[in-house]
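Biologist: I'd like a close look at a single part of this one. Could you take me through it slowly, and then show me what surrounds it?

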Amino acid sequence: MANFDETDIKLLALLQNDCKKTTKEYALHLNLSVTAVYERIKRLERTGIITKYVALVDKKTVKRSFIVLCHIKLIQHSKEFLMQFEKEVQKLKEVGECYHVSGDYDYILKVYVENMEAFRDFMVTKLTVLNHIGSTQSSFVINEVKHTTAIEVGV
């Protein structure tokens, strides 16, 4: 992105930390006018640097704090099998993230459920019934050491 400067970087950090502040609050922090900050935000949105704004939900409050990293191996790597798996996994509300990866497994899913019993139910009734799954391996998160949605950017 042309015209991506230190002020944009600072503004992005502020927005990623708390996007509900007013343009005036960001302007005061950056020593800019409200109009200048507003125009920068609009440019970041228009150019696709900022794609959307979200509310982060407390996992414990909504009973989804049991986190499982589920490794999936498909029986075959055909485009049809990959596309069907990806289409079906997007429908699973327990899956917060899905990555197509290299290595021993084809996909890694980040699954949010209430407890081990809920995970077992998810595995038995939703995940393993999907077509083309060859094997799965699950790892249970003991402690979340670092979790951030922020992406640090540089010039």
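Is Val153 buried, partly exposed or exposed, going by its relative accessibility? And please build out from there, with the helices and the sheet.

Modeller: Keep in mind that we're looking at a predicted model. Val153 has a relative accessibility of 33%, so this valine counts as partly exposed; the cut-offs here are under 20% for buried and over 50% for exposed. Along the chain, Val153 sits in the segment after β4, the strand spanning 133-140. Leaving out residues up to four places away in sequence, Val153 touches Phe4, Ile9 and Leu12. Leu14 makes a handy marker too: Val153 and Leu14 are 139 residues apart in sequence, yet their C-alpha atoms are 12 Å apart in space.

Two of those contacts bring us to helix α1, so let's go there next. Helix α1 covers residues 6-17, and helix α3 covers residues 34-46; the two pack at an angle of about 80°, with 11 Å between their axes. That angle makes α1 roughly perpendicular to α3. On the α1 side, the contact uses Thr7, Asp8, Leu11, Leu12 and Leu15, and on the α3 side Val37, Arg40, Ile41, Arg43 and Leu44. Sort the residues of this α1 and α3 contact by type and you get 6 nonpolar, 1 polar and 3 charged. Notice Leu12: this leucine is part of the contact with α3, and Leu12 is also touched by Val153.

Now for helix α2, residues 23-30, where the buried residues are Tyr26, Ala27 and Leu30. Looking down the axis of α2, these buried residues fall within an arc of 100°, so they line one face of the helix. What do they pack against? The buried residues of α2 pack against α1 and α3. Turn to the face of α2 pointing away from that buried side, and you find Lys24, Leu28 and His29, which are exposed. Right after α2 comes Asn31, with a positive phi near 55°.

The packing of α2 with α3 deserves its own look. Their axes are 8 Å apart and the angle is about 105°. That makes α2 roughly perpendicular to α3. From α2, the contact draws on Thr23, Lys24, Tyr26, Ala27 and Leu30, and from α3 on Val34, Val37, Tyr38 and Ile41. By type, the residues of this α2 and α3 contact divide into 7 nonpolar, 1 polar and 1 charged. Val37 and Ile41 take part in this contact, and Val37 and Ile41 are also among the α3 residues that meet α1.

Next, the sheet. This is an open sheet of 4 strands in the order β2-β3-β1-β4, and the pairing is antiparallel. At the edges are β2, residues 95-100, and β4, each of which pairs on one side only. Ignoring direction, neighbouring strands of this sheet are turned by 20° against each other on average.

Take the pairs in turn. β2 pairs with β3, residues 107-113, in the antiparallel sense over 5 bridges, and His100 has Tyr107 as its bridge partner in β3. β2 and β3 form a hairpin with 6 residues between them, and Gly103 in the turn has a positive phi of about 105°. On the other side of the sheet order, β1 and β4 pair in the antiparallel sense over 7 bridges. Ile72 has Thr136 as its bridge partner in β4.

His71 is worth a stop here. This histidine belongs to strand β1, residues 66-74. Its relative accessibility is 16%, so His71 counts as buried. Again not counting residues up to four places away in sequence, His71 touches Tyr105, Tyr107, Ile108, Ser135, Thr136, Gln137 and Ser139.

Last comes helix α4, residues 79-89, with Phe81, Leu82, Phe85 and Val89 buried. Down the axis of α4, the buried residues fall within an arc of 100°, so they line one face of the helix. Those buried residues pack against β1, β2, β3 and β4. On the other side of α4, Lys79, Glu80 and Lys87 are exposed.

Back to where you started: Val153 is partly exposed, and Val153 touches Phe4, Ile9 and Leu12.

How values were computed
Residues are numbered from 1 along each chain as its sequence is written. This is a predicted model: local features need pLDDT of at least 70, side-chain atom pairs count only at pLDDT 80 or more; totals for chains, interfaces and linings use all residues. Side-chain values use heavy atoms; hydrogens and water are left out. Axes are lines fitted to C-alpha atoms, for helices over the stretch in contact, and angles run from 0 to 180 degrees between N-to-C directions. Angles under 35 degrees count as roughly parallel, over 145 as roughly antiparallel, 65 to 115 as roughly perpendicular and the rest as oblique. Contact means heavy atoms within 4.5 Å. Ala, Val, Leu, Ile, Met, Phe, Trp, Tyr, Cys and Pro count as nonpolar, Asp, Glu, Lys and Arg as charged, and the others, Gly among them, as polar. Buried means under 20% relative accessible area, exposed over 50%, partly exposed in between (1.4 Å probe, protein chains only). The arc is that of the directions from the helix axis to the C-beta atoms. Two strands pair if DSSP finds at least two bridges between them.
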